[in-house]
Amino acid sequence: MIELVSAERCITCDKCIEVCPTNVFDRGEDGLPVISRQSDCQTCFQCEANCPADALFVAPQTHPLPAESFAHDEEHLRHSGLLGSYRREIGWGSGRTPGAARAIGPALSPAGQPLIS
Amino acid sequence: MTLTADVLVVGGGPAATWAALKAAGQGASVVLADKGYCGTSGATASGGTGVWYVPPEEKAREAAMASREALGGYLADRRWMARVLDETYERINELADAGRYPFPVGLDGTSLRNGLQGPEYMRRQRIRVKRAGVTILDHSPVTELLVDADGAVAGAAGYQRQAGRPFEVRAGAVVLATGGCAFLSKAFGCNVNTGDGALLAAELGAELSGMEFSNAYGIAPEHTSVTKTAFYNYATFYRADGEVLEGAGSQRGRSVIARTLLSEKVFCKLDLADDAARKAMRLAQPNFFLTFDRLGVNPFTDTFAVTLLAEGTVRGTGGIRIVDDGCGTTVPGLYVAGDAATRELICGGFTGGGSHNAAWAISSGSWAGRAAAQFARALGRGTRQVSAAGGAGLRPTGGSSDVDVAEIIRTVQAEVLPYDKNYLRHGDVLRTALKELDGAWSSVRSGLRAEGAAAVPARQAAAMVAHARWMYTSALARNESRGMAKRLDRPDLDPAQHHRITSGGLDEVWARPEGALT
């Protein structure tokens with residue numbers, strides 16, 4: 001689930017509010033997105049993928065994590081490289097090659113084509 | 001807010017975007033209304049998918065068509081398979097050329113086009129739809145269809161949840177591309193897929209087909225969401241004590257996992273992948289590894305607990321019945337595409353998950369969009385007397401009473417998510433479940449009146465209850481095991497039941513062999 005909005009990194013572009021397919025965010029009074037309906041989050045990582053500032057972190061768990069969880073430790077997420085890692089992997093963002101262009105996976109059978117998705 | 005268009009497309013995934021593109025290509029004015037956000041909504045945008053993309057060579061096409069016929073219980077149709085292969089080939093090439101999708105290039109220099117990365121595919125489809133002049137309404141769930149005096153569809157109404165206002169689109173034709181139904185199981189990207197389109201269609205008298213093929217479950221690490229299953233071909237499954245779980249597997253043997261999960265945890269390790277495969281897997285499916293990287297699990301060397309998440313008719317094949325080559329239904333002006341429609345025509349009774357469903361979304365979307373545009377053009381722009389067709393959750397038959405929508409959702413989930421009810425099906429269990437579901441329907445139908453923003457969850461709940469009842473009524477009508485619709489009490493295939501099962505109805509649900517008299 002969405003667990004972190006970095007106030008430091010957020011550029012208040014509203015993109016996450018716009019793209020979340022289950023409408024989890026609201027715009028707060030200070031302009032920062034607020035996680036208003038976390039229980040509606042389906043853990044699809046789309047907000048993170050679309051955040052131009054790498055300001056969001058979606059934990060893989062489909063239930064909320066406690067306050068002391070790694071998912072709320074921005075310092076740790078930054079140092080471990082997890083913050084912004086999905087966008088890096090799919091090659092979104094300026095100067096990156098789209099991951100789709102590099103997506104040559106293994107073939108699941110000897111005669112099969114390589115998986116590309 | 002009221003808009004007028006030739007064609008209204010409901011939904012925002014692959015099928016919806018192809019429908020909007022092709023309707024606009026015919027010169028129609030088009031509105032696309034999505035419950036979420038067109039570009040991120042649905043199973044494909046989050047997950048990505050293989051595509052049934054086969055070059056037009058006779059031997060390759062023949063092999064492609066033959067490959068799943070037996071698995072599907074011989075309910076697919078060769079003519080439809082051939083048309084889907086033709087259409088998909090053209091549309092994927094269009095996506096490469098006009099859509100500039102960056103397909104990877106293989107070692108021999110050929111462009112590989114047998115799959116699509118979800119986020120990349122759908123962000124490009126959104127751009128293409130906008131550039132085609134389509135009006136996109138995001139966060140605009142449709143809650144009911146509009147119908148004219150002759151019973152033809154005339155548009156839809158809904159509620160814009162971010163703008164906080166109702167909306168209405170008057171249209172000459174409507175394409176439903178709302179996806180299948182995964183019952184809010186949190187399977188990857190599927191929580192927008194609550195079977196809304198089937199409810200909308202059934203309220204106008206449309207029929208369904210293949211609803212017994214609705215028991216798909218995807219593998220995911222326990223307490224997580226990513227139900228991408230291809231790489232579990234490299235898995236060995238274990239019990240807690242480290243003993244190998246015999247017979248368990250991803251493609252064959254998923255039911256062994258389900259049965260074991262009823263009484264104990266099941267663990268997994270992708271220990272059959274060699275070094276080259278491990279590296280390549282990351283390139284092909286970066287989202288598959290999101291879960292593991294964030295859990296701190298190395299899936300190749302660490303064992304991890306797995307679960308199965310219901311994917312209902314998203315990965316199943318049942319949906320709204322199609323009556324012509326343009327993906328029309330029995331309702332004039334109403335067309336269906338993607339997972340909202342039955343995929344039996346190309347999959348029979350076997351899961352359409354992955355490549356077949358992707359090809360189907362592209363093809364059925366394109367056909368439905370074109371046919372809807374032609375229907376609207378023939379209809380002309382005269383004014384029609386229209387009325388709103390929504391029933392359950394909006395206009396109760398009794399006095400409105402206290403119906404708790406969350407409780408209704410819990411009730412339907414309790415009947416369709418458990419492995420020992422929906423996956424490992426038994427006639428007696430299905431009959432008991434149906435009684436519960438019928439009760440839930442009665443209370444929604446007689447007592448639930450929701451308005452404004454509250455209409456959206458109310459209608460989702462109604463759609464899920466209706467979906468579950470068509471599923472189990474059809475599963476009982478198929479008194480045998482065929483394709484994915486297996487019955488513990490009827491374990492064999494019965495040659496006398498080589499037919500599709502049509503279903504429908506809301507207050508009275510029915511299911512019968514296709515073409516049988518009522």
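Here are legends for a few close-up views of this predicted model.

**View 1. Chain B meets chain A.**
Let's start with where the two chains touch. Chain B brings 54 residues to the contact, and chain A brings 46. Together they bury about 4100 Å², and 59% of that area sits on carbon and sulfur atoms. Three residues are worth picking out here: T40(B), K186(B) and R294(B) account for 18% of the area that chain B buries against chain A, more than any other three residues.

**View 2. A salt bridge between the chains.**
Zoom in on R294(B) and you'll find its side chain paired with that of E48(A) in a salt bridge, at 2.7 Å from N to O. The count of salt bridges between chain B and chain A is one. R294(B) also turns up, with T40(B) and K186(B), in the trio that supplies 18% of the area chain B buries against chain A. As for polar contacts, the count between the two chains is 23 residue pairs, with both residues at pLDDT 80 or more.

**View 3. The side of chain B that touches chain A.**
Which elements of chain B give two or more residues to this side? The helices are α2 (42-47), α5 (118-131), α8 (275-284) and α9 (286-295), and the strands are β3 (49-50) and β4 (115-116). The largest share comes from α9(B), which puts in seven residues. Sorted by class, this side of chain B has 25 nonpolar residues, 21 polar ones and eight charged ones.

**View 4. The largest cavity.**
Now for the enclosed spaces: the whole structure holds five cavities of 30 Å³ or more. The largest has a volume of about 100 Å³. It is lined by 14 residues, and the closest to its centre are C20(A), V24(A), C41(A), C44(A) and C47(A). What classes of residue make up this lining? Ten are nonpolar and four are polar, with no charged residues.

**View 5. The second largest cavity.**
This one contains about 90 Å³ of space. Look for C10(A), C13(A), C16(A), P33(A) and C51(A), which lie nearest the centre of the second largest cavity among the 13 residues of its lining. By class, that lining has ten nonpolar residues, one polar residue and two charged residues. For the lining of the largest cavity, by contrast, the charged count is zero: no charged residues appear there.

Notes
Residues are numbered from 1 along each chain as its sequence is written. Chains are lettered from A and ligands numbered from 1 in the order in which they are written. This is a predicted model: local features need pLDDT of at least 70, side-chain atom pairs count only at pLDDT 80 or more; totals for chains, interfaces and linings use all residues. Side-chain values use heavy atoms; hydrogens and water are left out. Contact means heavy atoms within 4.5 Å. Buried area is the accessible area (1.4 Å probe) that two parts lose on being put together, summed over both. A salt bridge is a side-chain nitrogen of Lys or Arg within 4 Å of a carboxyl oxygen of Asp or Glu. A polar contact is a pair of N or O atoms within 3.5 Å; within protein, one must be able to donate a hydrogen and the other to accept it, and residues adjacent in sequence count only if both atoms are side-chain atoms. Helices (H or I, at least four residues) and strands (E, at least two) are DSSP runs, numbered from the N terminus. Ala, Val, Leu, Ile, Met, Phe, Trp, Tyr, Cys and Pro count as nonpolar, Asp, Glu, Lys and Arg as charged, and the others, Gly among them, as polar. On a 1 Å grid over the protein atoms alone, a cavity is a set of points where a 1.4 Å probe fits but cannot get out, and a pocket is an open set with protein on both sides within 12 Å along at least five of seven lines; lining residues have an atom within 4 Å of a point. Grid points are joined across faces, edges and corners, and a volume is the space filled by probe spheres set on the points.
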